[in-house]
4 protein chains.
Amino acid sequence: MTAMAQEEGNAPRGRPRSAASRQAVLQAAYAILIEEGLGGFSVEAVAARAGVARTTIYRWWPTKGLLAFDSFREAFGAQLVFARTDAPAADLRALVRSLARALAGPAGRLAASVMAQAQSDPEVQKLFLEQFSLPLRRHSAGVLKAGIAAGVFRSDLKVERLLDALVGAVYLRLMFGLPLDAAWADALAETLLGGCMA
Amino acid sequence: MTAMAQEEGNAPRGRPRSAASRQAVLQAAYAILIEEGLGGFSVEAVAARAGVARTTIYRWWPTKGLLAFDSFREAFGAQLVFARTDAPAADLRALVRSLARALAGPAGRLAASVMAQAQSDPEVQKLFLEQFSLPLRRHSAGVLKAGIAAGVFRSDLKVERLLDALVGAVYLRLMFGLPLDAAWADALAETLLGGCMA
Amino acid sequence: MTAMAQEEGNAPRGRPRSAASRQAVLQAAYAILIEEGLGGFSVEAVAARAGVARTTIYRWWPTKGLLAFDSFREAFGAQLVFARTDAPAADLRALVRSLARALAGPAGRLAASVMAQAQSDPEVQKLFLEQFSLPLRRHSAGVLKAGIAAGVFRSDLKVERLLDALVGAVYLRLMFGLPLDAAWADALAETLLGGCMA
Amino acid sequence: MTAMAQEEGNAPRGRPRSAASRQAVLQAAYAILIEEGLGGFSVEAVAARAGVARTTIYRWWPTKGLLAFDSFREAFGAQLVFARTDAPAADLRALVRSLARALAGPAGRLAASVMAQAQSDPEVQKLFLEQFSLPLRRHSAGVLKAGIAAGVFRSDLKVERLLDALVGAVYLRLMFGLPLDAAWADALAETLLGGCMA
DNA sequence: CAGTAACCGAGACGGTACGTCTAGTCTTGAT
DNA sequence: ATCAAGACTAGACGTACCGTCTCGGTTACTG
């Protein structure tokens with residue numbers, strides 16, 4: 001490890017970054033976004049809640065948006081684990097349910113906040129897309145393509161467009177503050193599955 | 001005439017509201033949101049650009065979000081006119097295209113800005129939903145239900161879920177800054193139509 | 001009266017000035033200055049308390065200072081009536097007592113307010129001096145000169161300087177918020193009288 | 001040194017206060033009060049003239065009145081140095097002259113402004129009284145008492161009342177915008193001295 | 001083991017925008 | 001002509017945050 005670091009030429013000099021501070025900041029950001037929403041989310045408030053100097057935040061997170069995104073990533077982590085069985089239709093249903101369930105909780109508020117921030121910060125937009133949305137889509141696309149390969153889904157299915165519809169529906173409700181329950185998720189899955197079958 | 005005014009109990013007293021100021025404010029808000037985005041959208045900036053006193057804005061628009069929404073409504077107006085022929089599938093395709101085309105232009109940036117504001121202002125969220133989103137959905141639902149009645153779409157089609165998917169897909173791309181061109185709209189429509197036919 | 005007015009060429013046309021409004025404004029100004037002090041004294045507050053339109057105040061009183069002065073004059077009126085007996089020393093004592101007693105009450109707060117306004121409005125300064133201070137001094141000077149003529153006060157007494165001292169002492173305590181009781185007034189009179197006697 | 005600091009418990013943390021800013025603010029306040037008077041004296045104007053952020057002013061001076069007073073104190077400083085010889089009458093004359101000369105200049109306008117502010121801010125009233133007026137009076141009282149002890153002034157002289165008259169006369173002319181020249185000061189001193197001699 | 005590099009806390013600084021308050025002016029309809 | 005009502009321009013108020021800066025102190029690795 002050390003060798004690798006040295007190979008990269010970044011022998012870590014000086015006092016190392018405080019892991020405690022980092023955690024405190026991310027958790028404070030999380031708590032504020034959940035409890036007070038975007039309105040109460042300021043560097044000042046996060047610093048105060050984390051018991052950390054404001055400068056420490058500015059040293060590591062150049063903008064509020066990136067702090068929010070980091071907090072979201074930390075909290076959301078890899079909550080989404082999609083099984084891939086040999087029943088593609090069921091897999092798709094499980095996928096929609098899983099996404100809806102995850103975003104129905106506090107992570108949903110975080111995601112919505114990050115999306116809002118993204119509207120005034122292209123960097124956040126790009127990060128959220130590349131580091132969160134795309135990986136999820138890649139995995140989901142895999143499920144769909146497997147279904148096509150297995151002959152369960154029709155061969156001319158436009159995978160990307162179906163995912164636009166599927167993911168978009170979830171986000172739409174998220175951002176309008178409408179409930180994301182399992183019944184809704186199942187109904188959505190069923191409706192979309194209709195056009196997928198071979 | 002006087003009788004009517006008295007019936008309504010609103011004998012208009014005092015200096016009447018300036019229509020010129022109202023227009024100037026809404027246009028300035030529009031211009032700033034388009035040219036500079038949410039970041040540059042402040043009451044201060046709108047007032048300066050409109051050549052209007054800041055207090056005049058506060059008198060009529062209690063929050064920035066409502067100003068943005070009003071500006072969006074004023075600018076977007078009734079751009080969406082959906083024909084309803086006796087070819088439901090074509091109608092649906094036209095509907096998706098129309099929505100995509102409308103939101104591909106400057107109105108899209110406005111809509112995204114309002115959605116962002118809605119994340120920190122439930123009033124905006126409610127207004128946008130009720131005054132913009134729902135009316136559109138009601139009309140679209142009509143198209144779909146006509147198709148069901150005509151026997152073109154399957155009778156157990158979940159209209160609301162299909163609209164979630166359709167509208168959600170558009171918004172998703174809008175908020176990620178991805179292009180909303182006609183090709184994409186057609187592909188989406190085709191994909192979703194697959195599950196609709198009887 | 002009307003004949004005279006016509007002789008002066010100002011036949012009063014249009015709606016005559018409302019005496020009720022004038023009184024209401026002056027009393028409201030008085031009440032606010034007494035109850036809330038200079039800080040709460042705004043045209044807005046006076047209008048609200050008087051139940052009068054703001055424009056009505058601006059029509060008749062060009063500045064806040066003049067309104068305050070008018071209110072002071074109305075309320076203070078001719079409270080000071082100095083007897084002039086054949087005992088000049090006693091007259092002087094009575095004069096000091098009378099001035100102190102008058103300014104110890106609410107009129108004192110008004111006077112102090114007007115003095116404060118005068119520091120940012122020369123017109124008020126001039127009015128207060130000419131319409132309130134000088135008449136009082138003229139009368140007081142009469143008392144003193146009578147004393148000199150009677151041979152009670154020394155003939156080279158500088159009347160104006162003595163009045164500077166006498167009136168100044170009262171105002172000083174007024175503006176520092178120190179009490180203006182009879183004992184103080186008597187002590188002052190006695191101290192100053194010492195240098196007056198022949 | 002460190003020990004002393006710890007004893008005082010004031011280990012100075014954070015960026016130290018900028019002496020340059022402090023000076024710039026006080027001088028700007030001074031200049032504005034002299035050149036434009038109370039009317040032009042706003043935190044905004046002071047900040048602009050000082051080339052300092054408005055927030056920096058609010059950080060250190062809670063109200064306009066205290067800023068004015070601080071500016072007065074800084075500018076007026078210890079201009080008044082009263083000699084105390086063995087000729088009490090001459091000392092008193094010098095004292096009156098000195099006070100009049102000092103307040104005839106720009107410091108007089110500052111003092112009048114502070115007095116005006118004091119009418120709507122008891123804190124300013126108290127500060128001005130305790131930190132400026134009383135010290136001056138204590139010194140003046142010393143001169144008078146020395147005169148009494150030396151048998152030059154009459155033993156029953158009411159020192160405090162004489163000072164009321166003396167200082168009051170000066171302030172009265174100051175606040176009415178009347179000139180405070182040496183001739184006037186001498187005449188006042190002579191008039192008041194009459195009642196002091198043994 | 002001293003030096004030094006990067007961290008952390010505290011807090012002042014120049015700014016921007018907020019939302020409110022007040023000053024004056026202007027424009028109505030009504031008296 | 002005056003009044004009540006109320007919209008308008010203008011600008012200061014005091015507050016909240018922003019992002020930068022300058023301190024004193026605190027860890028680490030390094031010569």
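**Note on the chain interfaces and DNA contacts**

1. The area buried between chain C and chain D is about 3,100 Å², and carbon and sulfur atoms give 68% of that area. The structure under review is a predicted model. In the contact between these two chains, 37 residues of chain C meet 37 residues of chain D.

2. Polar interactions across this interface can be listed briefly. The rule finds 4 salt bridges between chain C and chain D. D:Lys158 forms a salt bridge with C:Glu190, with 3.0 Å between the closest N and O atoms. The count of residue pairs in polar contact between chain C and chain D is 8, both residues being at pLDDT 80 or more.

3. On the side of chain C that touches chain D, the elements that give two or more residues are α7 (106-118), α8 (122-149), α9 (159-176) and α10 (182-193) of chain C. The element that gives the most is α9(C), with 12 residues. By class, the residues on this side of chain C divide into 20 nonpolar, 10 polar and 7 charged.

4. Chains A and B call for a remark on symmetry. Chain A is superposed on chain B by a rotation of 180° with 0.0 Å of shift along the axis, at an RMSD of 0.1 Å. This is the relation of a two-fold axis. The C-alpha of A:Gly195 is the one in chain A nearest the axis, at 1.7 Å from it. Of the interface residues of chain A, 100% are also interface residues in chain B, so the copies meet through the same surface.

5. DNA strand E has 44 residues around it, of which A:Arg13, C:Thr55, D:Gly14, D:Thr56 and D:Trp60 come nearest. Among the atoms of DNA strand E that come within 4 Å of the protein, sugar and phosphate account for 59%. The surface near DNA strand E receives at least two residues from each of α4 (54-60) of chain A, α3 (43-50) and α4 (54-60) of chain B, α3 (43-50) and α4 (54-60) of chain C, and α4 (54-60) of chain D. Its residues divide into 10 nonpolar, 16 polar and 18 charged.

6. Backbone atoms take part in phosphate contacts with DNA strand E. For B:Val43, a backbone N or O atom lies 2.8 Å from a phosphate oxygen of this strand. A polar backbone atom of A:Ala53 is 3.1 Å from a phosphate oxygen of DNA strand E, and for a backbone N or O atom of D:Ala53 the distance to a phosphate oxygen of DNA strand E is 3.4 Å.

7. DNA strand F is surrounded by 47 residues, the closest being A:Thr55, B:Gly14, B:Thr56, B:Trp60 and C:Thr56. Sugar and phosphate make up 60% of the atoms of DNA strand F that come within 4 Å of the protein. At least two residues of the surface near DNA strand F come from each of α3 (43-50) and α4 of chain A, α4 of chain B, α4 of chain C, and α3 (43-50) and α4 of chain D. This surface has 13 nonpolar, 15 polar and 19 charged residues.

8. Side-chain atoms take part in phosphate contacts with DNA strand F. An N or O atom in the side chain of B:Trp60 is 2.7 Å from a phosphate oxygen of this strand. For C:Trp60, a polar side-chain atom lies 2.9 Å from a phosphate oxygen of DNA strand F, while the distance for a polar side-chain atom of A:Tyr58 is 3.3 Å to a phosphate oxygen of DNA strand F.

Definitions and conventions. Residues numbered from 1 in each chain as written. Chains lettered and ligands numbered in written order. Predicted model: local features only at pLDDT ≥ 70, side-chain atom pairs only at ≥ 80, totals over all residues. Heavy atoms only, no water. Least-squares fit on C-alpha atoms with pLDDT ≥ 70 in both. Contact = heavy atoms within 4.5 Å. Buried area = accessible area lost by both parts, 1.4 Å probe. Salt bridge = Lys/Arg side-chain N within 4 Å of Asp/Glu carboxyl O. Polar contact = N/O pair within 3.5 Å; in protein donor to acceptor, adjacent residues only side chain to side chain. Helix = DSSP H or I, 4+ residues; strand = E, 2+ residues; numbered from the N terminus. Nonpolar A, V, L, I, M, F, W, Y, C, P; charged D, E, K, R; others polar. Near = heavy atom within 4 Å.
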